[in-house]
Amino acid sequence: MMNYAMGLAAVLSAAFGLAAPLYAASQPETVAPISINDAEIELATEAEAPAHLDGALPKIWSGWLFRDATTQSMQMDDFENPAMVFVDQGLDLWDQPDGAEGKSCADCHGSIDDSMKGVRAAMPKMSEDGTDLWSLENFVNNCRTTRMGAEAWGWSSAPMESMTLAISMASRGMPVDVAIDGPAQSWWDKGKEIYYSRYGQLQLSCANCHEDHYGDWIRADHLSQGQISGFPVYRLNGAGVVSIHERFFGCVRDTRAEPFAQGSPEFRALELYVSSRGMGLPVEGASVRH
Ligand code: HEC
Ligand code: HEC
């Protein structure tokens with residue numbers, strides 16, 4: 001990690017020494033859909049940029065397009081997809097009673113496919129009482145603590161990641177569609193501010209990499225637009241499931257800044273803003289990244 005960080009810093013100080021990007025961000029060579037299980041499921045990888053981006057991106061593209069052919073192919077067959085093991089664990093947890101009330105998720109919600117359809121596509125959103133912005137993890141833990149008498153799961157713990165993956169599968173193919181107006185508006189404004197703020201010793205914002213330089217290479221990394229329509233993802237590099245906030249944490253840390261905590265108001269606001277940059281891209285359900 002240290003070597004990686006130092007190498008990254010060296011490349012970045014060369015590549016980002018100027019206020020303006022050295023290269024125009026470059027679009028993917030092809031925008032083929034992700035064709036899964038011999039075309040049983042087709043997920044679009046390109047969508048029109050939403051109006052609220054004010055022209056910041058010409059089109060929006062799935063992170064899948066920026067990965068190598070080997071990584072891409074793993075997401076094209078559910079039997080090859082290493083994330084599916086964790087989806088199955090999430091499905092088991094869904095049926096398993098836990099906590100003082102002796103209830104399982106299924107006892108109240110019934111089938112995950114029906115009851116959780118579209119839920120991931122609309123996250124994050126306002127809490128049940130409308131006073132806070134909640135990520136999917138908050139909704140899951142709210143049911144565990146207030147309705148099951150069970151302990152909250154850690155934000156990026158194994159059971160939480162398996163559960164959020166299984167819930168995301170119920171939205172596979174549905175376009176990301178988050179509310180950014182009404183009570184969510186001030187969260188969205190805050191998220192946008194964070195997205196364009198420069199952090200750390202390297203003084204880089206999310207936009208410096210994912211808006212100004214997608215399509216370019218940082219060492220072995222082909223930069224994407226940093227969309228979260230594929231999350232939670234299975235990462236080959238680390239061999240495990242990675243949540244949205246875990247990925248944000250890693251990206252901020254790479255600028256040599258002190259990241260916000262996973263689950264913090266800052267990262268939930270950022271999640272809403274980044275989700276909104278991907279409105280129209282389909283939820284991938286269980287995606288694979290390097
Ligand atoms: C005692 C009944 C009960 C149990 C057990 C329960 N829930 Fe819930 N859950 C609810 C109710 C009621 C709501 C709020 C109304 C709704 O959205 O259905 C809710 C809401 C949710 C939401 C937000 C849905 C949305 O559209 O906003 C998620 C996600 C969720 N539950 C996941 C879970 C998971 C995962 C478990 C198991 C770990 C679980 N719930 C266990 C009753 C329950
Ligand atoms: C120094 C450049 C850099 C900065 C700054 C940066 N990232 Fe990243 N980010 C990367 C690289 C490299 C990857 C891995 C390749 C890719 O998917 O773009 C990545 C991946 C991601 C991904 C995963 C995309 C996918 O499809 O799997 C997300 C989401 C993301 N970044 C969000 C952010 C956010 C939000 C910020 C600001 C807090 C940020 N990044 C700041 C370099 C950066």
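In the predicted model examined here, helix H6 makes the largest contribution to the shell around ligand 1, supplying 6 residues. The shell holds 14 residues, and those that come nearest to the ligand are Cys105, Cys108, Phe139, Cys143 and Arg147. Two elements give two or more residues each to this shell: helix H4, which covers residues 105-109, and helix H6, which covers residues 136-147. Sorted by class, the shell around ligand 1 consists of 9 nonpolar, 4 charged and 1 polar residues.

The protein chain is divided into two parts. Domain 1 is made of two segments, 2-80 and 174-289, while domain 2 spans 84-169. Taken over C-alpha atoms, the centres of domain 1 and domain 2 are separated by 24 Å. The contacts between them involve 25 residues on the side of domain 1 and 21 residues on the side of domain 2. On the side of domain 1 that touches domain 2, at least two residues each come from H10 and from helix H11, the latter formed by residues 265-277. Of the elements on this side, H11 gives the most, with 5 residues. The composition of this side of domain 1 is 14 nonpolar, 6 polar and 5 charged residues.

Helix H10 also carries a position that is annotated in a database record. An unreviewed UniProt entry lists Arg247 under "binding site". In the model, Arg247 lies in helix H10, which runs over residues 244-253. Arginine 247 has 20 other C-beta atoms within 10 Å and therefore counts as buried, since the cut-off for a buried residue is 20 or more. Helix H10 is thus named twice in this description: as the helix that contains arginine 247, and as one of the elements on the side of domain 1 that touches domain 2.

The confidence of the prediction was examined along the chain. The mean pLDDT of the protein chain is 92, and a value of 70 or more is reached by 92% of its residues. Over residues 1-10, by contrast, the pLDDT is below 50, and this stretch has 6 contacts in the model beyond near neighbours in sequence. Another stretch, residues 16-20, also stays under 50 in pLDDT. For residues 16-20 the model has 2 contacts beyond four places in sequence.

Key: Residues numbered from 1 in each chain as written. Chains lettered and ligands numbered in written order. Predicted model: local features only at pLDDT ≥ 70, side-chain atom pairs only at ≥ 80, totals over all residues. pLDDT = per-residue confidence, 0-100. Contact = placed C-beta atoms within 7 Å. UniProt positions renumbered as here; feature names shortened; annotations may be inferred. Helix = DSSP H or I, 4+ residues; strand = E, 2+ residues; numbered from the N terminus. Buried ≥ 20, exposed ≤ 12 C-beta atoms within 10 Å, placed from the backbone. Near = placed C-beta within 6 Å. Nonpolar A, V, L, I, M, F, W, Y, C, P; charged D, E, K, R; others polar. Domains from an automatic or database assignment.
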